[in-house]
Amino acid sequence: VRGRGSKSNANGNGGGSLPPGPTGLPLVGSLPSLDPQLHVYFARLADRYGPIFSIRLGSKLGVVVTSPSLAREVLREQDLVFSGRDVPDAARSISYGGGQNIVWNPVGPTWRLLRRVCVREMLSPAGLDNVHGLRAREFRATLAHLHAQAVAAAPVDVGAQMFLTVMNVITGTLWGGNVGSDSERAAVGKDFRHLVAEITDMLGAPNVSDFFPALARFDLQGIRRKSDVLKERFNQMFARIIEQRISAERAGGEPPAPDFLEYMLKLEKEGGDGKTSFTMTNVKALLMDMVVGGTETTSNTVEWAMAELMQKPELMAKVRQELDAVVGRDAVVEESHLPQLHYLHAVLKETLRLHPALPLMVPHCPSADATVGGYRVPAGCRVFVNVWAIMRDPAVWKDPQEFIPERFLGGGEGRKWDFNGSEMDYLPFGSGRRICAGIAMADRMTAYSLAMLLQAFDWELPAGARLELDEKFAIVMKKATPLVAVPTPRLSKPELYSA
Ligand code: HEM
């Protein structure tokens, strides 16, 4: 066990002792034993070394926090010091250099402006209300598509379908729903899904350039080259959409709907908010944030919820009972029904407890040496908060491995387990100033999606298929095997399914 009293360097200068942790080998540290299921591997090490441990991966020092009280120290009490990011090599290109978007920007005037633009203008509950019609249209289109599948008794890849829906809603909110025909949009959607999956796989994959920054310029695994290619494909798509909008404006005619792109282009024209500039690169980097940060996270959550419920028919029956009482079968579920669907919300909370979309969040990076749990955490190291393990801690959660939505009903045993990171033992969206920027959107989209899937259809596995709940870590938590199921209509009249 390394740690106590050790004087370390390479992200660990100065006095005090580092958190304990595996000794590892000279030069490579613990790299040879690294498990791709990083969240599980870190949880195992926490069992051995305690709720804060350090791990050397190449020349990089990682510090992993696995308890509510230490998460509080990092995310709340020392929020500002810990709010930096250690930008992985794979993210440099897709974030337009790291300083242009929200996710990978250090906290500072640009990050503040970008977050304000998103959280206030687009992703606030009021901003979302403004584009309620767009979501309703997209959901009706999905409903009609699923009905066609149901009539043909064709299996549906639930995650893929939800990805398309979420992506259409997000891109519609960003730049309006007017990009091409339906078939063109479906093709773009498929393309997007592959691109986003490739990006999240790349961000979750071990990269020599991150472990040995001195070797980064050689790009030994070719990850940066791949990331440049992916970024360019997005970039061209964004550039085309922006160009279309600007030329439509120049040509006069109907003013465009007041969507997010419109707002951003106005801000760009004005050169920012007076304190910080806002450039066309920021516009594209923000579009990237929303498309990459908002799609898989949301659609995977819905897929996990469906898989859990299909595994437990008695819970599925409870969701249906609530839907039948609130909506019935003679109408289609609408967003206005969502506040009354308490059990459904509890199902989603429990899904995010067991299967948080970002099990290690997005790693933080202290801007100065700090002390956590009595140990020294050096500036520049990579700090992981293992929310996956915290939300399965038997000291906090009764039967932590069991899927029990009821624990979130009746005020959650007197606790305020919400999405705002108020309690440090439930933080699927993080906590503190870097908390997820898209909570309101994620909340509505997951609830609306799950409600629609379950109110309008019964779902069964294709003959001979087996349901499993294995995880695959790739920065975003995916289901190792996609959930494929066959829908059967359950609304009273076929006309209800038409878009
Ligand atoms: C179920 C869905 C989602 C989950 C569980 C989730 C969770 C998270 C988490 C854990 C973080 C990192 C917090 C940290 O580093 O401390 C994050 C960051 C972020 N999320 Fe989400 N997210 C979801 C959906 C969305 C959506 C729909 C959007 C936007 C459309 C979005 C945009 C962002 C952005 C921009 C950040 C970076 C914030 C920053 O670095 O300041 N997320 N999210």
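**Core, ligand shell and an enclosed helix**

Val385 touches six residues beyond its sequence neighbours of up to four places away, namely Val65, Ala71, Val74, Leu75, Leu360 and Met361. These contacts come from a predicted model. They give a handy way into the interior, since Val385 is among the residues with the most contacts inside the largest nonpolar core. That core holds 128 residues, and Val65, Ala71, Val74, Leu286, Leu450 and Ala451 share this top group with Val385. Helix 12 supplies the largest share of the core, 14 residues.

The ligand offers a second view of helix 12, which spans residues 280-311. Seven residues of the shell around the ligand come from helix 12, the largest share. Helix 17, covering 439-456, likewise supplies at least two residues of this shell. In total, 28 residues surround the ligand, and those that come nearest are Gly294, Gly430, Cys436, Gly438 and Ala442. As for chemical character, the shell divides into 17 nonpolar residues, eight polar and three charged.

Helix 7 rounds off the picture. This helix runs over residues 158-175 and has 18 residues. From its first C-alpha to its last, helix 7 reaches 26 Å, close to the 26 Å expected at 1.5 Å a residue. Because 17 of its 18 residues are buried, helix 7 is largely enclosed by the rest of the structure. Gly176 follows helix 7 and has a positive phi, near 80 degrees.

How values were computed:
Residues are numbered from 1 along each chain as its sequence is written. This is a predicted model: local features need pLDDT of at least 70, side-chain atom pairs count only at pLDDT 80 or more; totals for chains, interfaces and linings use all residues. A residue is near a molecule or strand if its C-beta atom, placed from the backbone, lies within 6 Å of it. Helices (H or I, at least four residues) and strands (E, at least two) are DSSP runs, numbered from the N terminus. Ala, Val, Leu, Ile, Met, Phe, Trp, Tyr, Cys and Pro count as nonpolar, Asp, Glu, Lys and Arg as charged, and the others, Gly among them, as polar. A nonpolar core is a set of buried Ala, Val, Leu, Ile, Met, Phe, Trp, Tyr and Cys residues joined through C-beta atoms within 7 Å. A residue is buried if 20 or more other C-beta atoms lie within 10 Å of its own, exposed if 12 or fewer, and partly exposed in between; C-beta atoms are placed from the backbone. Two residues are in contact if their C-beta atoms, placed from the backbone, lie within 7 Å. The expected span of a helix is 1.5 Å times one less than its number of residues.
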